[in-house]
Amino acid sequence: MAFNIDIIKALYSQLAGKVEAARKITGKPLTLSEKILYSHLSSEETPRAFSRGKDYVDFAPDRIACQDATAQMALLQFMQAGKAQVAVPTTVHCDHLIQAKLGADKDLQAALNSSNEVFNFLESVSRKYGIGFWKPGAGIIHQVVLENYAFPGGMMIGTDSHTVNAGGLGMVAIGVGGADAVDVMVGMPWELKFPKLIGVKLTGKLSGWSSPKDVILKVAGILTAKGGTDAIVEYFGEGAASMSCTGKGTICNMGAEIGATTSTFGYDDSMERYLRATGRDDVADAANEVREHLNGDPEVYANPEQYFDQVIEIDLNTLLPHLNGPFTPDLATPVGEMTEKATKNDWPLDVEWGLIGSCTNSSYEDLSRAASVAKQAIEKGLKTKAEFGINPGSEQVRFTAERDGLLQVFEDLDATIFTNACGPCIGQWARAGAEDKKKNTIVHSFNRNFAKRADGNPNTHAFVGSPELVAAVAIAGRLDFNPITDTLTNDKGEQVKFEEPTGLELPPLGFDVEDAGYLEPDADGSGIAINVKEDSERLQLLESFSPWDGKNISGAKLLIKAYGKCTTDHISMAGPWLRFRGHLDNIANNTLIGGVNAFNMETNSVKSQITGEYGAVPDTQRAYKAVGIPTVIIGDHNYGEGSSREHAAMQPRHLGVSVVMVKSFARIHETNLKKQGVLALTFANSDDYDKIQEDDTFNFTDLADFAPQKQITIELVHSDGSKDTILGNHTYNEAQIEWFKAGSALNLIKLKNK
Ligand code: F3S
């Protein structure tokens, strides 16, 4: 089930008919996004003109990808469903559990030693249930998917928020929680709110130091971290066609940083070149036959304002290189403005590390452009001021880059070549001295730069840029180095200046690899036993959550009122906690330890209404659970932004939290809460957030009448006996209310399978 050209051909053979039918239904020309969405409606869905941003629609994705950290919980859930094989081509990729410390070989061996139990579990479950397995060291999920599985006009879901990367090859690819993936693995439709559409018209052509990364850094600055919420961003125009396929992947990848459902590009020559270079002539030939249906209709792009909900135009001719950060990827600064901004904000100007890699920027082209800068440094007699770390995106990229001498250039600059894996991007970085919590600056070509993400140090100021800019800034050792205008002093005391970076879209000698690291599933896996040890600290078989008793929730206490940004990293931290991703009870010990308590502005310090004492969030919650007191989490805007990990929903559920009520949710997290049977509400009046006090008791007085579009009334009883009544909104439809009643979506699947 790993890859099948027949599935692609079958999809393409029906494409013209489905697109024409969708034009008739909607009465208008179609964007590419609409063509893909309408051609992937589930057979159980009734085609009609869906209302963007409102209607929940059932889809039938073509494939699924899971990374090792999220796959554990997804597969533990799938195993409960009682199926013999996955219903849709699925792959598992081991990339998150490998720490960057000493360099590729040693680090990979260390990961195999420390996480063997988890890798073996994933491998045996994959072999048993028909899932393609990519071993540790094979590469980062999204680079491997782009190289092997993504195809124009396809729809995929993945248990990682940067699944959206596959939009670079013309897919609608969406990051989901493991519970959503399980739905599709068992052959059920996958539900999504029909997205709004944002069009980004790219005019002109990139040149010099500007790169595809700068397009998305600029877009992030315009739209902000939540500007893409519930929307697909569709790129078009001459500028889009002029960029490489992997460059398009970079842009789509960081669509996750603006909260977009996904991003995509129309099929063009760059995609054809990439398909052929990665050994997929059959896909390119098939796509060429339906090329017009793998792009939006020309009328749409001629009058985008008429057909998109929002349109942005970016002139690539004038686009400057950017560095975004610190602490948020939407704080965009063009290189020439950094001195003033950094000085004003007291950002450390000395750069200590430059990291190149992550799923965002680890293609052959990325490495070649960064290497062209590194090579110049050596030739011009410059020494790098900052340290360098490189994570190639896949073994195919690494092997080819090594063969072509690119890695040697970095090594000549004393760079450490880490494993083909996520490494520092997911906090898997044994950075020497990070525990001192010293204020410092790093630059990287990743996508996320939340506090503590890379090295666990809250005072590390991380800035995101293109690989070539990261290389230049790291060599200069100054955050405000502008390679377009500035010079550096070389070993002879001369002033030298970088030439513009150059790169190769694809390797001139073709890609090559000895062992890509792929394991095909068994033709018949029925005899494979999956063993999870009783006393394992890494893996734990799941038990079903209890169904709802149908009654109002009364006497609930406040667990935490989270202040400000509360991402999935704050709710379920990564880094050292990644090792417990397959063990719900153990990982629950990190629940919300990164969330800021609005009453004392401290992390992991909340008041227990049982004892009146302050304690850690998980301990306090376990004490409530032990005596059967329901609890409520209160949050601010865009609660749960960041990754798709359903742990951020399963952990509170496992610990006994009944309700999460916030000003607004990030899409994936809201769905995850619903799937796990937690009541997910938003304040009808966001000012009511201010009415919540530390010792409040919550009574949900009409929950027993839970129904779509019906507000829920909450009585707040304050410690002085006074009361407030507030209203909660929700987005549950009939089917989702059934999840809540059953205790979780998985409980419902099990009931149906019986
Ligand atoms: Fe891995 Fe970072 Fe991408 S964690 S999947 S490299 S966002």
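User: Hi! Is Asn-604 buried or exposed in this one?
Analyst: Buried: Asn-604 has 20 C-beta neighbours inside 10 Å. Keep in mind that this is a predicted model.

User: Got it. How is 20 enough for that label?
Analyst: The label starts at 20 or more other C-beta atoms within 10 Å, so Asn-604, with 20, counts as buried.

User: And what is its phi, for Asn-604?
Analyst: Phi of Asn-604 is near 50°, which is a positive value in a residue that isn't glycine.

User: Where does Asn-604 sit in the chain?
Analyst: You'll find Asn-604 in the loop between helix 20 and strand 23.

User: Which other residue has a positive phi without being a glycine?
Analyst: Leu-592 does, with phi at about 60°. Leu-592 belongs to the loop that runs between helix 20 (584–587) and strand 23 (606–607).

User: Is Leu-592 buried or exposed?
Analyst: Leu-592 is buried, as 30 other C-beta atoms lie within 10 Å.

User: Switching topic: which residues does a cis peptide bond join?
Analyst: Gly-325 and Pro-326, with omega at about 0°. Pro-326 is placed in the loop between strand 12 (322–324) and strand 13 (332–334).

User: Nice. Now the ligand: how many residues surround it?
Analyst: There are 14 residues around the ligand. The closest are Ser-358, Cys-359, Cys-422, Cys-425 and Ile-426.

User: What's the split between nonpolar, polar and charged in that shell?
Analyst: The shell around the ligand has 7 nonpolar residues, 5 polar ones and 2 charged ones.

Conventions
Residues are numbered from 1 along each chain as its sequence is written. This is a predicted model: local features need pLDDT of at least 70, side-chain atom pairs count only at pLDDT 80 or more; totals for chains, interfaces and linings use all residues. A residue is near a molecule or strand if its C-beta atom, placed from the backbone, lies within 6 Å of it. Ala, Val, Leu, Ile, Met, Phe, Trp, Tyr, Cys and Pro count as nonpolar, Asp, Glu, Lys and Arg as charged, and the others, Gly among them, as polar. Helices (H or I, at least four residues) and strands (E, at least two) are DSSP runs, numbered from the N terminus. A residue is buried if 20 or more other C-beta atoms lie within 10 Å of its own, exposed if 12 or fewer, and partly exposed in between; C-beta atoms are placed from the backbone.
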